[in-house]
Structures are given as structure tokens and as C-alpha cells.
Amino acid sequence: MRLTSEFWVSAFMRRVRMADGFAYLVRRGAAEAGAIFIKIRNRDGNFDLYMPAPQSEYDPQRADERRFVLYQQSEDEQLINTQLEKELRFDPDLWLVEVEDCDQAAELLTTGM
């Protein structure tokens, strides 16, 4: 059984905080199945935007895991925000979590939860 988006976001934010990072819920989407986007502010001032992986990326034997792919990297936060605005027009139920000061954030996204 797949975790709800609300539960997954809560658990992810808790894991970031346990790794001495900061996680902020910027936008609450649909509780059951809203798409989750993660915006990471790296210590070097660059930004990474992760989005849900396409269905082709999922392992059928582990279909209950959420998977993410790096969607965009930039030194300019406005470029990331512009992309997020486009995604919001397409899917108004999406979640957005921002992460700061967490070197393990990308690893937390790619290890599965």
C-alpha cells in the first residue's frame, strides 16, 4: 500500500530535520495523491528541483515506493520558481517542500521511503 502524499511529506521533513537540515512546507497539495516537488537550496547557493519520477522509472516489485528525479538545477532561484509556476498551472494539487542546509537531502530522496 502506497503512503499518502501528506504522510510521505511529513516523514521526509522529519528525516531532513534528523539530518540537521531545515525543511519547510511551502504548498500543501492533495492529501491522498498530490504530486510532490522538492526544492533544495544547496550550501553553495545553487538550487535543485526534484519531481516525481515517470512511471517507467518504477520497479513493479516496489511499486509502493515514491521515486524522484532531478528535474532542474540552477544558480538562479527565479528560474526554479518559474518552472514551479508552470507545474502549478498544470497540477494545482501539487505539494512543494523546500530544504536548506541538508547535505543528505538528495540521498534521502533517492533511497526510497
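Trp8, Phe12 and Phe68 form one aromatic cluster in this predicted model. The cluster draws on two aromatic pairs, the number that the structure holds. The chain itself comprises three helices and five strands, arranged along the sequence in the pattern α-β-β-β-β-α-β-α. Of its 113 residues, 37% count as buried.

**Aromatic cluster**

- A pair of aromatic rings is described by the distance of the centres and the angle of the planes.
- The structure holds two aromatic pairs. The rings of Trp8 and Phe12 have centres 5.2 Å apart and planes at 10 degrees, so this pair is stacked; the cut-off for stacking is an angle under 30 degrees.
- Trp8 and Phe12 are four residues apart in helix α1 (residues 5–18), which means that about one helical turn separates them.
- Trp8 is buried, with a relative accessible area of 2%, and Phe12 is likewise buried, with a value of 0%.
- Trp8 also forms an aromatic pair with Phe68; this pair is tilted, with 5.0 Å from centre to centre and 35 degrees between the planes.
- Because Trp8 lies in helix α1 and Phe68 in strand β4 (residues 68–74), the tilted pair ties together parts that are 60 residues apart in sequence.
- Both partners of the tilted pair, Trp8 and Phe68, are buried.

**Strand β5 and its neighbours**

- Strand β5 (residues 95–100) is mostly covered, with five of its six residues buried.
- Strand β1 (residues 22–27) is joined to β5 by five bridges, and the two strands run antiparallel. In this pairing, Tyr24 stands opposite Glu98 of β5.
- Strand β2 (residues 36–41) is joined to β5 by six bridges, and these two strands run parallel. Here Arg41 stands opposite Glu100 of β5.

**Helix α2**

- Helix α2 (residues 77–90) has 14 residues and, at 1.5 Å a residue, should span 20 Å; its end C-alpha atoms are 20 Å apart, which agrees.
- The residues Ile80, Gln83, Leu84 and Glu87 of α2 are buried. They cover an arc of only 100 degrees around the axis, and therefore lie on the same side of α2.
- An α-helix has 3.6 residues a turn, so residues three or four places apart point the same way.
- The cover over the buried residues of α2 includes β2, β3 (47–52), β4 and β5.
- The N-terminal end of α2 is capped by Asp76, a side-chain oxygen of which lies 3.0 Å from the backbone nitrogen of Gln78.

**Ser74 and its contacts**

- Ser74 is placed in strand β4 and is buried, with a relative accessible area of 11%.
- The side chain of Ser74 reaches the backbone nitrogen of Asp76 at 2.9 Å; Asp76 in turn caps the N-terminal end of α2.
- Leaving aside residues up to four places away in sequence, Ser74 touches Asn46, Phe47, Leu79 and Ile80. Of these, Ile80 is one of the buried residues in α2.

**Positive phi angles in loops**

- Most residues other than glycine have a negative phi, and most peptide bonds are trans.
- Asp20 has a phi near 65 degrees, a positive value in a residue other than glycine. Asp20 is situated in the loop between α1 and β1 and, at 64% relative accessibility, counts as exposed.
- Asp101 likewise has a positive phi, of about 55 degrees, although it is not a glycine. Asp101 is found in the loop between β5 and α3 (105–110) and is partly exposed, with a relative accessible area of 31%.

**Contacts across the chain**

- Among contacts in the chain between residues at least 6 apart in sequence, 69% join residues at least 24 apart.
- The pair of Trp8 in α1 and Phe68 in β4 links parts that are 60 residues apart in sequence.

Definitions and conventions
Residues are numbered from 1 along each chain as its sequence is written. This is a predicted model: local features need pLDDT of at least 70, side-chain atom pairs count only at pLDDT 80 or more; totals for chains, interfaces and linings use all residues. Side-chain values use heavy atoms; hydrogens and water are left out. Buried means under 20% relative accessible area, exposed over 50%, partly exposed in between (1.4 Å probe, protein chains only). Two strands pair if DSSP finds at least two bridges between them. Rings of Phe, Tyr and Trp (its six-membered ring) pair if their centres lie within 6.5 Å; planes under 30 degrees apart count as stacked, over 60 as edge-to-face and the rest as tilted. The expected span of a helix is 1.5 Å times one less than its number of residues. The arc is that of the directions from the helix axis to the C-beta atoms. Contact means heavy atoms within 4.5 Å. A polar contact is a pair of N or O atoms within 3.5 Å; within protein, one must be able to donate a hydrogen and the other to accept it, and residues adjacent in sequence count only if both atoms are side-chain atoms.
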